[in-house]
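Subject: Structure handover

Hello,

Here is the structure for you to look through. My notes on it follow below.

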Amino acid sequence: MTTPVNVTVTGAAGQIGYALLFRIASGAMLGPDTPVRLKLLEIPQAVKAAEGTAMELDDCAFPLLAGVDIYDDPTQGFAGTNVALLVGARPRGAGMERADLLEANGGIFAPQGKAINDGAADDVRVLVVGNPANTNALIAASNAPDVPKERFTAMTRLDHNRALSQVAKKAGVPVSEVRRVTIWGNHSASQYPDLFHAEVGGRPGADLAADTAWLTGEFIPTVAKRGAAIIEARGASSAASAANAAIDHVRDWVLGTPEGDWTSAGLWSTGAYGVPEGLVSSFPVTSSGGDWQLVEGLEIDDFSRARIDASVAELAEEREAVRSLGLV
Ligand code: NAD
Ligand code: LMR
């Protein structure tokens, strides 16, 4: 039998964890021929709940599931891990300022970055889901100096999928006919979902984007504020769709993106598209051979430039805030 891939999931007892673990164990993330060993990392108070989830995983009798281990210590939780999904994060509490949130998350993602640096497998791939995802990825990567920066990514796939779905509805075509949409910038309300290089039902996405009232009055705000709309409607943040996006992100990273399409992921910037080096920002990407490749050479007009710059400026502010806290 093939050696199982070690997959660490932090925040395993949370709502995204519950929607994610069963799909990983079923083979949806790494394919139907790859056995997985799940390593669940939680805080001590949530270990009991994680044990309950592990019992349910057992009860599914997944043929690909080689084992489940539960930890409350990052060193053990990341030892030998090949894929790390950093979902657990500190939610914003009442009266908490943005700086407090960044500091509280720094207390989670700095030690996790160190533990990944010291003990993960050489091929480790990290996806940060916990918010603020881009800056948490920056903190984790900065605390893992021996791991190549491109192995740390932040999740903007949910925003990408949201954009695909909104465009498909507007154009009256199946989602499968919407390609090459891009999410730029931060996983926040400042993100910029870009249709100008897309193809929608065989036609240029720019044709749809020419309806500026829809583009700026509906499409961009609907995608950018969808997380808040779901919290408002559900009384809790998105969970199944977030888990689904995490599955999509890792599956495409490991197994490749389809020919003729691209997706969006938060990557450590090397300066492309005017995004300052060392910010974790969302870009258009393809994947082959287990590595992301940035889609290069897209023309960015003034409309898009201003929106990308605004979201990147927010990322730069977040970096300044965590720098001043000594986290990066
Ligand atoms: P949740 O509160 O249901 O679960 C979070 C879990 O993380 C809890 O079980 C908690 O005990 C655990 N946790 C906290 N600190 C931890 C640590 N240091 N180590 C390990 N586990 C820890 O939250 P959720 O709904 O599952 O969401 C998780 C995160 O994902 C939140 O930050 C949320 O904002 C974010 N999110 C991101 C996206 C995205 O698109 N990037 C989408 C949806 C949600
Ligand atoms: C989402 O986009 O659904 C989440 O990031 C919202 C949130 O604040 O948890």
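How many residues surround ligand 1, and which are the closest? Please keep in mind that this is a predicted model. Ligand 1 has 27 residues around it, and the closest are G11, G14, I16, G88 and A89. Helix α1 (residues 15–26) supplies the largest share of that shell, with 3 residues. Sorted by class, the shell around ligand 1 holds 15 nonpolar residues, 11 polar ones and 1 charged one.

The domains

The domain assignment splits the protein chain into domain 1 (5–154) and domain 2 (157–318). Their centres, taken over C-alpha atoms, are separated by 23 Å. Where does ligand 1 lie with respect to domain 1 and domain 2? Both domains give residues to the shell around ligand 1, so the ligand lies between them.

The two domains also touch each other: 27 residues of domain 1 are in contact with 25 residues of domain 2. On the domain 1 side, α1, β4 (83–86), β5 (125–128), α5 (133–142) and β6 (152–154) each supply at least two of the touching residues. Helix α5 gives the most to this side, with 6 residues. The side of domain 1 that touches domain 2 consists of 18 nonpolar, 5 polar and 4 charged residues.

UniProt, in an unreviewed entry, lists residues 156–321 as "domain: Lactate/malate dehydrogenase C-terminal". In the model, this span is 47% helix and 19% strand, and its end C-alpha atoms lie 21 Å apart.

Helix α5 and the loop before it

Is helix α5 largely enclosed or largely open? Of its 10 residues, 10 are buried, so the rest of the structure largely encloses α5. Among these buried residues are A133, N134, T135 and S142.

The loop between β5 and α5 contains P132. The peptide bond from N131 to P132 is cis, with omega near -5°. Most peptide bonds are trans, so a cis bond is worth pointing out.

N131 appears again at the second ligand. The residues surrounding ligand 2 are N131, L158, G227, I230, S237, S238 and A242. By class, 3 of them are nonpolar, 4 are polar and none is charged.

Helix α2 and positive phi values

Helix α2 (residues 47–60) allows a simple check of length. At 1.5 Å a residue, its 14 residues should span 20 Å, and the end C-alpha atoms are 20 Å apart, which agrees. Just after α2, A61 takes a positive phi of about 50°.

Most residues other than glycine have a negative phi, so positive values are worth listing. R180 has a phi near 60° and lies in the loop between β7 (178–179) and β8 (182–184). Y273 has a phi near 55° and lies in the loop between β12 (263–268) and β13 (280–288).

Are R180 and Y273 buried or exposed? R180 has 19 C-beta neighbours inside 10 Å, so R180 counts as partly exposed. Because 20 or more such neighbours would make a residue buried, R180 falls short of that class. Y273 is likewise partly exposed, with 19 other C-beta atoms within 10 Å.

Regards

Notes. Residues numbered from 1 in each chain as written. Chains lettered and ligands numbered in written order. Predicted model: local features only at pLDDT ≥ 70, side-chain atom pairs only at ≥ 80, totals over all residues. Helix = DSSP H or I, 4+ residues; strand = E, 2+ residues; numbered from the N terminus. Expected span 1.5 Å × (residues − 1). UniProt positions renumbered as here; feature names shortened; annotations may be inferred. Near = placed C-beta within 6 Å. Nonpolar A, V, L, I, M, F, W, Y, C, P; charged D, E, K, R; others polar. Domains from an automatic or database assignment. Contact = placed C-beta atoms within 7 Å. Buried ≥ 20, exposed ≤ 12 C-beta atoms within 10 Å, placed from the backbone.
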